[in-house]
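Me: I'd like to go through some of the labels people put on a structure and see where they come from. Can you help me with that?

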Amino acid sequence: MRFRLRQLHFLARVGLTGLVLALGLGLISSALHLVNHYEKRDGVPGLTLDDIRAAYHGIDSPSALVLSLERGHPEELTQEDRAALLAWLGSDRVSEDFDSLDLGDDAPAEIIANSCLSCHARNASPASSQLAARDLPLEYWDDVRKHAFARSVPATPREIVLMSMHAHAPAMATMSIAVALLGVASVFPRWMTGGLVGLMGLSLIADLASWLLAREMVEFVYVIVGAGALYNLATGLLLVVVVLELWRPRTRAEREGAAA
């Protein structure tokens, strides 16, 4: 009969339970740390995919408003107003002059209100607005600010990424091997525990390798996010399997083996 964790002495099972719960707490705290560490990487509060992209690939994108105006949107905007908005966006007083009283009707806020809010407003009527435009409101400065500035965020230096990988790869791989061995020493079907172990291992190497690959190809940023989520999911489920195995009722065969 294969060895099962349930066969361990009571105190050993208590100790292993504590260690497994500590690993689970570590996974949760690691996720919270990542949120705190990356959430302002792109200069905007809140964790988004742009924060991860900025960290591993970097961001170099022009102002969305500038691009839109240069493409001739909106078509009904006069050349004078278009030139005024482009001059404003290219100045070093974008925040200060947005609704400047000194500019009167030529203030960017006034031009945007007269030329853009028929579509780019939260309460714009469907008859006059496409859904995509309503999802990009420009009613207030906090709305406009998100699209007014060009963004240039360099990726984390390669030396720092390698240093972080040097610390994380051995530790995470060692922990994962321990969790895998504990998980397979259970009564749960081998296809389930084996599948979780396979998912955990493949997602971990995909995540770590993409730290470097994402510097050259931005698509690997999605691998980092997806593989990291799959790794945490597989590891968390294996930890649940271990705890259930440690404290499940003994089978008849196990009771008879213990009595013998």
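Me: Which residues make the nonpolar surface patch?

Reply: Phe10, Leu11, Val14 and Trp247 make it, and the patch is about 400 Å². Before we go on: this is a predicted model, where local features need pLDDT of at least 70, side-chain atom pairs count only at pLDDT 80 or more, and totals for chains, interfaces and linings use all residues. Residues are numbered from 1 along each chain as its sequence is written, and side-chain values use heavy atoms, with hydrogens and water left out.

Me: Why is Val14 called partly exposed?

Reply: Buried means under 20% relative accessible area, exposed means over 50%, and partly exposed is in between (1.4 Å probe, protein chains only). Val14 has 38% relative accessibility, so it counts as partly exposed. You'll find Val14 in helix α1, which runs over residues 10–38 and gives the most to the nonpolar patch, with 3 residues. A helix here is a DSSP run of H or I with at least four residues, numbered from the N terminus.

Me: What makes Asn123 exposed?

Reply: Its relative accessibility is 66%, so Asn123 counts as exposed. Asn123 sits in the loop between α5 and α6.

Me: And why does Asp97 count as buried?

Reply: Asp97 has 17% relative accessibility, so buried is the right word. Asp97 is in a loop too, the one between α4 and α5. Leaving aside neighbours within four places in sequence, Asp97 is in contact (heavy atoms within 4.5 Å) with Trp88, Leu103 and Pro108.

Me: How many aromatic pairs does the structure hold?

Reply: There are 6. Rings of Phe, Tyr and Trp (its six-membered ring) pair if their centres lie within 6.5 Å; planes under 30 degrees apart are stacked, over 60 edge-to-face, and the rest tilted.

Me: Why is the pair of Tyr38 and Tyr56 called tilted?

Reply: Their centres are 6.1 Å apart and their planes are at 45 degrees, so the pair is tilted. Tyr38 is in helix α1 and Tyr56 in helix α2, so the pair ties together parts 18 residues apart in sequence.

Me: How do you know that Tyr56 is buried?

Reply: Tyr56 has a relative accessible area of 9%, so the label buried fits.

Me: What about the rings of Tyr56 and Trp211: what makes that pair tilted?

Reply: Here the centres are 6.1 Å apart and the planes are at 35 degrees, so this pair is tilted. Trp211 lies in helix α9 and Tyr56 in helix α2, so the pair ties together parts 155 residues apart in sequence.

Terms used:
Patches are made of residues with over 30% relative accessible area and no salt bridge: like charges are joined within 9 Å, nonpolar side chains (Val, Leu, Ile, Met, Phe, Trp, Tyr) within 5 Å. Accessible areas come from the Shrake-Rupley method with a 1.4 Å probe; for residues, only the protein chains shown count as cover. A salt bridge is a side-chain nitrogen of Lys or Arg within 4 Å of a carboxyl oxygen of Asp or Glu. Helices (H or I, at least four residues) and strands (E, at least two) are DSSP runs, numbered from the N terminus.
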